[in-house]
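Biologist: Could you take me on a close look at a single part of this model, one strand and its neighbours in the sheet? Once that part is clear, I'd like to hear how the rest of the picture fits around it.

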Protein chains: 4
Amino acid sequence: MIRVGIIGATGYAGGELVRLLLGHKEAEIKWYGSRSYVDKKYSEVYQNMFQMVDDRCLDDNMEEMAGQVDVIFTATPQGLCASLVNENILNKVKLIDLSADFRIKDADVYEKWYGIRHKAPQYIEEAVYGLCEVNREAVKRARLVANPGCYPTCSFLSVYPMVKEGLIDPNTIIIDAKSGVSGAGRGAKVDNLFCEVNENIKAYGVAGHRHTPEIEEQLGYAAGQPVVISFTPHLVPMQRGILVTAYASLKKEAAYEEVKAVYDKYYDKERFIRVLDKDVCPQTKWVEGSNFVDVNFKIDPRTKRIIMMGAMDNLVKGAAGQAVQNMNLMFGLDEAEGLQMAPMFP
Amino acid sequence: MIRVGIIGATGYAGGELVRLLLGHKEAEIKWYGSRSYVDKKYSEVYQNMFQMVDDRCLDDNMEEMAGQVDVIFTATPQGLCASLVNENILNKVKLIDLSADFRIKDADVYEKWYGIRHKAPQYIEEAVYGLCEVNREAVKRARLVANPGCYPTCSFLSVYPMVKEGLIDPNTIIIDAKSGVSGAGRGAKVDNLFCEVNENIKAYGVAGHRHTPEIEEQLGYAAGQPVVISFTPHLVPMQRGILVTAYASLKKEAAYEEVKAVYDKYYDKERFIRVLDKDVCPQTKWVEGSNFVDVNFKIDPRTKRIIMMGAMDNLVKGAAGQAVQNMNLMFGLDEAEGLQMAPMFP
Amino acid sequence: MIRVGIIGATGYAGGELVRLLLGHKEAEIKWYGSRSYVDKKYSEVYQNMFQMVDDRCLDDNMEEMAGQVDVIFTATPQGLCASLVNENILNKVKLIDLSADFRIKDADVYEKWYGIRHKAPQYIEEAVYGLCEVNREAVKRARLVANPGCYPTCSFLSVYPMVKEGLIDPNTIIIDAKSGVSGAGRGAKVDNLFCEVNENIKAYGVAGHRHTPEIEEQLGYAAGQPVVISFTPHLVPMQRGILVTAYASLKKEAAYEEVKAVYDKYYDKERFIRVLDKDVCPQTKWVEGSNFVDVNFKIDPRTKRIIMMGAMDNLVKGAAGQAVQNMNLMFGLDEAEGLQMAPMFP
Amino acid sequence: MIRVGIIGATGYAGGELVRLLLGHKEAEIKWYGSRSYVDKKYSEVYQNMFQMVDDRCLDDNMEEMAGQVDVIFTATPQGLCASLVNENILNKVKLIDLSADFRIKDADVYEKWYGIRHKAPQYIEEAVYGLCEVNREAVKRARLVANPGCYPTCSFLSVYPMVKEGLIDPNTIIIDAKSGVSGAGRGAKVDNLFCEVNENIKAYGVAGHRHTPEIEEQLGYAAGQPVVISFTPHLVPMQRGILVTAYASLKKEAAYEEVKAVYDKYYDKERFIRVLDKDVCPQTKWVEGSNFVDVNFKIDPRTKRIIMMGAMDNLVKGAAGQAVQNMNLMFGLDEAEGLQMAPMFP
């Protein structure tokens, strides 16, 4: 039984980790870390866990936690994980960081986009970017996994085969992303009140969102060259789900079957990526609560562009689910353990 | 492995049966019956099941189905199950009817409230009302189970201990219920369009809703006398969930602890009923996707009334989940098999 | 042109006052008071008012404001209006208080339910309870109007004719109310985040909500005797709207036509109360954005009860609209000036 | 007083026409045309109009209607207006068609994208494309106005100044649009049920939506050359609102002030287009219920692209409001008559 510690267990991603791990046969949560709710019963913060979780919240002492668990998830704001991690901890436990601290290989880029000093640059190189479908083998051997961001996961997986196979010009990529509100976290902000979000859609972080360099870096590896993209996130009045609509210019004419074969080449054996049937557009509702990413594409001969689409649950494949998938790989378990639930509809 | 057939597999309750049974270790769906979609792939109707279900929809031939499965769920409009069932079928399979056909023991009452002739009154007596928490032993022995209605399940369980123990005057019971829209089914009706339901709440079926006699009958058994209640359902702009707020006059003064003990007496050992802590009001969101019913109460000394509350997911404990719970009992399985998922929040 | 000052102009009720007064031919807002946003452009707080309102927010100096305007609306939390009002102010301007400070005639009751000391008990007697349909003549002569609460307005108007005519036993009244989230204000609270409210319904303040004594007092005047009721508010995932479902025992058998005549007697000439046609249930969506209250009833011969229903927009007739209606009366204008917009659907 | 006839008065756009015209000082609806509800009281179909509209629905006999009114609005599916219009009618009344029948100047293009034969090609040339901000003078003289589509209105106005001034390469334009559900009409379709739309976002009509040629044609006039664009609409779980996020490559570097001056040049005097302040992104909620289009832009030096955004209410500026604006122009009234209401927030 893998003993688990969570730092940030009372945020939405932390709560989702708890939900998923309760259904995991090989893992057991030993430490519900939550600075804001120390000593409070976890099920009083998340009443859905009433009679399912009896533990009280503990602090976020990573040092002490490392002595009691096998793996630590940090589901906290940027900067915290980097400020806590050290060699002693990494020698004792595996660490899966759901924040952005170890996602970007260039510390300068991190500091520029996030506006904070990186407290543990010495671990950036070692950290494995935990996109299982791309870095599976490296994840298996990692001590420290940087769990990908929600937008980057959905964005990258939607366009990856086309970039990797060189079928599109990567610098023409425009990613228009739409997210539910849980991505913004559980903090009490006027902007996320029901009355502000309901009956509303808006873009935000236009031409400046922090997930941009993360997407660009990963696309760069796939393309074998630096990539610069447009990325625009939007806030949608729903609690879960990310939809990505990506546009790019085709390098040459391509038939549906040809492109389909490319997507299948990369995703056919993947258990959490579903390439939909022809002309079926991904919808966030069809993946809600599950670890699936649904992807598809449409070739537009008029504009010589391809439109690539992806949908996933931002709290599952975009955060907690992918983190559990990484944990499974790191501990040699079935990659899908605890993640096989069907999407909930409606 | 229990072989399962579903008639009405493409309605919302049918879809939920599929979701739950995919996670059930001892059951396997062999027949996806759907008159409207015969020959269509099930996963084209419910795209969430893409790559999870490969079967195509079949018709609703109960006779033939009975030869191929061990249990049949009918998740269809009133009247269909009664029109299909016969001795030959009941000798071969167990039958769990999610419609109202066998819930009410008095065929005249059924015909008056539902406005249709009962086609198989000879089985009414035999049918067991499948409220597991009350009729557990009878369910275990049943061939034919009448799966309770969504409103009756939540209404009854919210007030049952008080009625059974004679602490309230049952004829003062007023049940004000609120439901999400999935309870209205997947039929294409203007009234259930997003633009009609969103930003709206309304009562319907006032003083005449069909679930009234079902609730009254069950309360009558608990009270040991005929009971007449007020029952008003409301439509709430959410997809899942039922909340019941019930009012009744206390027969005598009662302290919190006394009433709490009464609720605990009936529900303490129940795995799907959670009596919440003092002053915590049930919320539908805390049970979403799960088979839980959360109940609680508040004594009002000013009015000498007690307010009893219950929340559940109408598609799970109010339909498919309770049906699976009944199946588990009928086949001697762990009552909670396939039903242990935590509620999803948010 | 009536010069208007608003204290609390950046709350939801304050924002609605601005919306309504911009469409009012005889009024002009001279003072946008908002302690939290002093010096900020109003249209930066409420971007919907961009290019419609050029003013900046000012503080809440009622004394100074009284020298510059003809009427002051206080759309602020309980206690503030009472702490600011004095004879000097009341000699200069008319005052319409949207808080609860002057709604309850018994200061002890106010202090008990609201948990604060009343700072200006000397004006309680003088203050007129601004339910125009009941106190129209008194409002016309008032210096100080206590604008009714949202729940009390809808609750009272739904049952008033039946109580006034003595057709129901007032102590059997049970009011089950459902409100959209804007009633909770624009404060940044976790409980009102989109992800907490969406897909959720809950009761709150059970057997203890502050609007209870306000409803009881007004019902007491109508009944000519003290009245004690059950009142339970619920939070519904919508931004605007209140629906009231009220239950009471009929003193004697009553036919539809008889009760309809009673409702018509009180409401037939009212411009903002619509008694719906037989069997049509009020819906919040049908009054959204307007000053209407839609009411109707259903007699239940089985239980000898009557179910009375009312729907309104909590920010209009439940707050800002009613306040403007009061202003119109106080200044001798057409009662409906600025309030004649049709409800918006969908 | 202008006498108005509406064909299709019971669709959502028709209902919005009624709402707006009830607040219009110079217009009076004389004919509520609705084939589906002939003889039914209009306020029974749209209960929000109870006691505001007493008329019953009539058929869609345009010939007869033309004898009784001064202007006819057709808020009906494609093809109907073209099948009814004739010289006799156009000699008697002004005609504002909210369908696509007369928007596209090339009948072949119309027939190809809409899949129907055009029944009155002889009027295509004469019809004026009713985008008031661009074709104001022509609208004033028109007998027949083609009211622009919802997506085209918002899309075109968001990018128009940049195209007209030649600052962007028009063939690099990518329009990612998001709409509320009312745009899909009031027909009873499973896809538009609350449970299908809620908690969901999806693209549809990818690389093939009918509004594409309409946008391209208008952009072509502005650019002085044929334009081919990518246009992708999405369905968002809200009732009203369209948000457009448009991308294009800048022909040369441009500073914020320069681009702002270009937008101001075209929109500064427009009463219904608001160019927002720097870095403020349009949100649909800020224009809800009003005739405003809010636009803004963001220059991205990294990609040498500009992101242009627009938000409006699809039923007002995207349909009924724009139609009333056209009517005002055609009859020499103040262009803003009946359209000056502030947006409703929340």
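Modeller: Here is a walk through one strand, then its sheet, then some backbone details and the chain as a whole. Keep in mind that this is a predicted model.

Let's start with strand β9 of chain C, residues 230-235. Buried here means under 20% relative accessible area. By that cut-off 6 of the 6 residues of β9(C) are buried, so the strand is largely enclosed by the rest of the structure. In a regular strand the side chains alternate between the two faces of the sheet. You can follow that along β9(C): S230(C), T232(C) and H234(C) point one way, while F231(C), P233(C) and L235(C) point the other way. Both sets are buried.

Now for the neighbours. Strands of a sheet pair through backbone hydrogen bonds, either parallel or antiparallel. β9(C) has examples of both: with β7 of chain C (residues 174-179) the pairing is parallel, over 6 bridges, whereas with β8 of chain C (residues 202-203) it is antiparallel, over 2 bridges. L235(C) is a handy residue to click on. S179(C) stands opposite L235(C) on the β7 side, and K202(C) has L235(C) as its bridge partner on the β8 side.

To see a whole sheet laid out, hop over to chain B. There, an open sheet of 7 strands runs in the order β8-β9-β7-β10-β13-β12-β11, with mixed pairing. The edges are taken by β8 (202-203) and β11 (273-275) of chain B, each with a single partner strand, so one side of each is left without a neighbour in the sheet. Further in, β7 (residues 174-179) of chain B is joined to β10 (residues 242-249) of chain B by 6 bridges, and these two run antiparallel. Within that pair, S179(B) has I242(B) in β10(B) as its bridge partner.

A few backbone details are worth a stop as well. D39(B) is a residue other than glycine with a positive phi, near 80 degrees. You'll find D39(B) in the loop between β2 (27-33) and α2 (42-45) of chain B, and at 54% relative accessibility it counts as exposed. A207(D) is another non-glycine residue with positive phi, near 60 degrees. That one sits in the loop between β8 (202-203) and α10 (211-223) of chain D, where its 22% relative accessibility makes it partly exposed. Then look at the segment after α12 (316-330) of chain B, where P346(B) is found: a cis peptide bond joins F345(B) and P346(B), with omega about 0 degrees. In chain D, a cis peptide bond joins F345(D) and P346(D), again with omega about 0 degrees, and P346(D) is placed in the segment after α12 (316-330) of chain D.

Finally, zoom out, using chain A. Chain A has 12 helices and 13 strands. Its radius of gyration is 20 Å, close to the 20 Å that the globule rule gives for 346 residues, so chain A is as compact as a globular protein of that length. The C-alpha atoms fill a box of roughly 60 × 45 × 40 Å along the principal axes, and 67% of the 346 residues count as buried. Among contacts between residues at least 6 apart in sequence, 71% join residues at least 24 apart. The accessible surface of chain A comes to about 11100 Å², with 47% of it belonging to carbon and sulfur atoms.

How values were computed
Residues are numbered from 1 along each chain as its sequence is written. Chains are lettered from A and ligands numbered from 1 in the order in which they are written. This is a predicted model: local features need pLDDT of at least 70, side-chain atom pairs count only at pLDDT 80 or more; totals for chains, interfaces and linings use all residues. Side-chain values use heavy atoms; hydrogens and water are left out. Helices (H or I, at least four residues) and strands (E, at least two) are DSSP runs, numbered from the N terminus. The radius of gyration is taken over C-alpha atoms; the globule rule is 2.2 Å times the number of residues to the power 0.38. Buried means under 20% relative accessible area, exposed over 50%, partly exposed in between (1.4 Å probe, protein chains only). Contact means heavy atoms within 4.5 Å. Accessible areas come from the Shrake-Rupley method with a 1.4 Å probe; for residues, only the protein chains shown count as cover. Two strands pair if DSSP finds at least two bridges between them.
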